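Here is a friendly walk through this protein, one region at a time. Keep the viewer open and follow along.

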Amino acid sequence: MLDAAGAAIKVAASKAALATLCACTMCALSLIPANLYAQAAAPAAGQAPAGPPMDIKGKTAAQFYKNIKVLNDIPAVEVHPAMEYIMVGLGVGCAYCHDVRHFDNDDKPQKRTARNMIQMTLALNSTVFDNQVRVTCFTCHRGLAIPAASPVLAPEKGPDGPVPAGTYAPSAIPNQVLTAAMAPVKVIPGATPPAATQPPAVEKPVVALPAADDLFSKYLQALGGNDALRKITTLVAKGTVEMALPPAPGTPPGPPTIGHPAVEVSRTAPDKALMTIQLPAKPNMDGYDGTTSWLQGQLSRENTGGERAVFQQWAEFVPGLGFRANHTRVHVDSIEKVGDHQAYRVSGFRIVGAGYDRVYFDTQSGLLGRTVTYMNSVLGSFPIQNDYDDYRPVNGIQVAFTDHYFNPEGNRLYKWEQVEANTPIDDKVYARPPQPPPPPPAPPAAK
Ligand code: HEC
Ligand code: HEC
C-alpha cells in the first residue's frame with residue numbers, strides 16, 4: 001500500500017533536476033486543449049506490439065502500466081483521472097512531463113520531480129492529515145508549474161519564475177522527515193471538509209425553497225412534457241465552438257489562438273453521444289456508447305475512473321433529467337444568479353462513484369440553467385460547469401442552443417445553428433473506432 005507514513009519520506013525535493021528548465025520545454029502539444037485528455041495507454045510489459053490491448057479492468061496501476069513507482073496499488077483506471085488532475089493543478093499539458101509517444105519514459109526531469117511530489121503529497125495526507133485528501137498539487141501550485149514562494153502583488157496571477165524562498169540556508173534547520181508520530185489522533189472536530197466532497201456551507205435563505213421533486217416535475221413540463229420527450233429518440237446539433245485551437249499543422253509551436261471550428265453532436269436516447277470538432281489538423285471526437293467513453297483525435301484513448309463519470313453525465317440525452325435517479329440526498333439549497341436569471345440550486349451525491357454535483361433550474365421558466373460536476377481522482381478533483389441558454393423548440397421539446405462549458409483545462413462556448421430530431425443514427429457511430437497497433441518500444445534512454 002501507499003504506506004508513506006511508515007517510510008518516512010524526505011520532504012526536500014530534488015533541486016538539481018529543476019535548475020535547467022524553462023518554459024520552452026513545453027512543446028506545442030502541451031498547449032493543445034483537445035489533447036489535454038489525450039494519450040495512448042502504454043502497452044503493458046511483455047505484450048506483443050500488435051496484439052489486442054490488455055484489459056485495464058480489475059488491474060492495479062502497477063499491473064497495467066510499465067513504469068509506476070508510487071501509485072502502484074491504485075486501480076489502473078484511476079491513473080488517467082490523476083494525470084488530468086495534475087495537469088489542471090499545475091496548468092501544464094501531458095508533454096510537460098511526458099514523451100507522449102512513450103508515457104512510461106522517465107527522461108524528463110519534470111516527471112521525476114512530479115513523482116517525488118506525488119509521494120510527498122501522499123505522505124503529507126497519510127501522516128499529518130489522517131489519510132484524507134487535504135493537501136493536493138493545487139494547494140501549493142495553484143495552476144502554476146512552479147509555485148510562488150511568497151505572496152504576489154495584485155493583479156498578477158503569479159511570478160514568471162521561481163521566487164526566492166527566504167534567507168535561511170537549508171542547513172540552518174536540520175533535515176525534516178515525516179514520521180507516523182505526526183499523525184493526529186483524529187481530525188479536529190469542526191474542521192471544514194474539502195469543497196469537492198462536501199456541500200459548501202450555504203447561508204439559510206430567507207425565502208422558502210421549493211421541494212426538489214417539484215423542480216424536476218416543472219423542468220419536465222417546461223421541456224415539453226413526458227409525451228413529447230418520449231417521441232424524440234435522436235438529436236443532431238450542428239454549430240460552432242469558440243475554443244483555444246492548437247497551432248495549424250506545420251507551424252512552429254506557440255500559444256493557442258481562439259477559433260470557432262465547426263462542431264456536431266449526435267445523441268441517441270437514453271445515453272449515447274458523439275461529438276466531432278473539426279480541428280485544423282484532425283477532427284477530434286468524444287464518444288460514449290452507453291458503456292465506454294472514448295476520445296479519438298491527434299491521440300486516442302478510453303476514459304476511465306472520474307473522467308468516464310464526467311462523460312457519462314455528458315452523454316445523458318436531456319441534461320439534468322436523470323439527476324434524481326443518479327444521486328442521493330438530492331435537495332434544494334439556495335437561489336443563485338445564473339446569467340441574468342435567478343435559479344434554484346439543487347445538490348446531490350452521485351450514487352455510483354464518489355462525487356458531489358449540482359443542477360440549477362430557472363425560477364421563472366423552470367428550465368435547466370447550469371450543471372456543475374467534479375472530475376475526481378486519487379490526488380484531488382476539479383469542477384466542470386455547463387451553462388445552458390437560448391432555449392428554442394425542436395419537434396415539441398425545448399433545446400438549449402448555447403452551452404457555455406467551463407473547465408480549468410480550457411473553456412468553450414458551443415452555439416448550435418441547427419438541431420434536428422429523430423434523424424436515424426446507426427448505433428455503430430458511438431462505438432470506439434478500431435485502434436492502430438501500439439507504437440514500437442521506446443528507444444533506450446540517452447543518459
Ligand atoms: C507534472 C508531471 C506530469 C504530468 C503533467 C502528467 N503526468 Fe503522467 N505521470 C507522471 C508521473 C510522475 C508518473 C509516474 C507515477 C508513478 O510512478 O507512480 C506518470 C505516469 C503516467 C502514465 C503511466 C505510464 C507507464 O506505462 O508507466 C501514463 C499513461 C500517464 N502518466 C499519462 C499522462 C497523461 C495522459 C497526461 C496528460 C493528461 C499526463 N500523464 C500528465 C507525471 C505527469
Ligand atoms: C507542499 C507544497 C507542494 C505540493 C503539495 C506539491 N508541490 Fe510541486 N512543487 C512545490 C514547490 C515549492 C516547487 C518548486 C521547487 C523548486 O523551485 O525547486 C514544486 C515543483 C514541482 C515541479 C517542477 C516544476 C518545474 O518545472 O520545475 C513539478 C513537476 C511538481 N512540483 C509537481 C507536483 C505535483 C504533480 C504535485 C501533486 C501530486 C505537487 N507538485 C504538489 C511544492 C509543492
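## Around Arg350

Leaving aside neighbours within four places in sequence, Arg350 is in contact with Asn326, His327, Gly355 and Asp357. Please keep in mind that this is a predicted model. Arg350 belongs to strand β9, which covers residues 341-350.

Is Arg350 buried, exposed or partly exposed? There are 19 other C-beta atoms within 10 Å of Arg350, and a residue needs 20 or more to be buried. Arg350 therefore counts as partly exposed. You can also look across to Thr373: this residue is 23 places from Arg350 along the chain, and their C-alpha atoms are separated by 9.7 Å.

## The protein as a whole

Stepping back, you will find 9 helices and 14 strands in the protein. The chain has 447 residues, of which 32% count as buried. Taking contacts between residues at least 6 apart in sequence, 59% join residues at least 24 apart.

## Helix α3

Now turn to helix α3. How many of the 12 residues of α3 are buried? The count is 12 of the 12, so this helix is largely enclosed by the rest of the structure. Its buried residues include His80, Pro81, Met83 and Glu84, as well as Val88, Gly89 and Leu90.

What do the buried residues of α3 pack against? Their partners are the helices α2 (61-64), α4 (109-127), α5 (137-141) and α8, together with the strands β11 (368-377) and β12 (380-394). The length of α3 can be checked too: at 1.5 Å a residue, its 12 residues should span 16 Å, and its end C-alpha atoms are 17 Å apart, which agrees. Just after α3 comes Gly91, with a positive phi near 65 degrees.

## The nonpolar cores

The largest nonpolar core holds 57 residues, and those touching the most other members are Ala61, Val79, Ala82, Tyr85, Ile86, Met87 and Ala273. Helix α3 (residues 79-90) supplies the largest share of this core, with 8 residues. The core draws at least three residues from each of domain 1 (4-182) and domain 2 (212-430). Apart from this core lies another, of 19 residues, among them Leu223, Phe323, Val346 and Val359.

Ala273 is a handy place to zoom in. Not counting residues up to four places away in sequence, Ala273 touches Val265, Arg267, Tyr288, Trp314 and Ala315.

## Helix α8

Trp314 brings us to helix α8, where this residue is one of those that are buried. The helix runs over residues 305-314 and is mostly covered, with 9 of its 10 residues buried. Among them are the charged or polar residues Glu307, Arg308, Gln312 and Gln313, and also Gly305, Gly306, Ala309 and Val310.

## Strand β14 and its partners

Finally, have a look at strand β14 (residues 412-421). It pairs with strand β1 (residues 234-245) in the antiparallel sense over 8 bridges. Within this part of the structure, Glu242 stands opposite Leu413 in β14.

Strand β13 (residues 397-406) also pairs with β14 in the antiparallel sense, over 4 bridges. Here Asp403 has Tyr414 in β14 as its bridge partner. How many residues lie between β13 and β14 in the hairpin that they form? There are 5, and Gly410 in the turn has a positive phi of about 145 degrees.

Notes: Residues are numbered from 1 along each chain as its sequence is written. Chains are lettered from A and ligands numbered from 1 in the order in which they are written. This is a predicted model: local features need pLDDT of at least 70, side-chain atom pairs count only at pLDDT 80 or more; totals for chains, interfaces and linings use all residues. Helices (H or I, at least four residues) and strands (E, at least two) are DSSP runs, numbered from the N terminus. A nonpolar core is a set of buried Ala, Val, Leu, Ile, Met, Phe, Trp, Tyr and Cys residues joined through C-beta atoms within 7 Å. Domain bounds come from an automatic or database domain assignment. Two residues are in contact if their C-beta atoms, placed from the backbone, lie within 7 Å. The expected span of a helix is 1.5 Å times one less than its number of residues. Two strands pair if DSSP finds at least two bridges between them.
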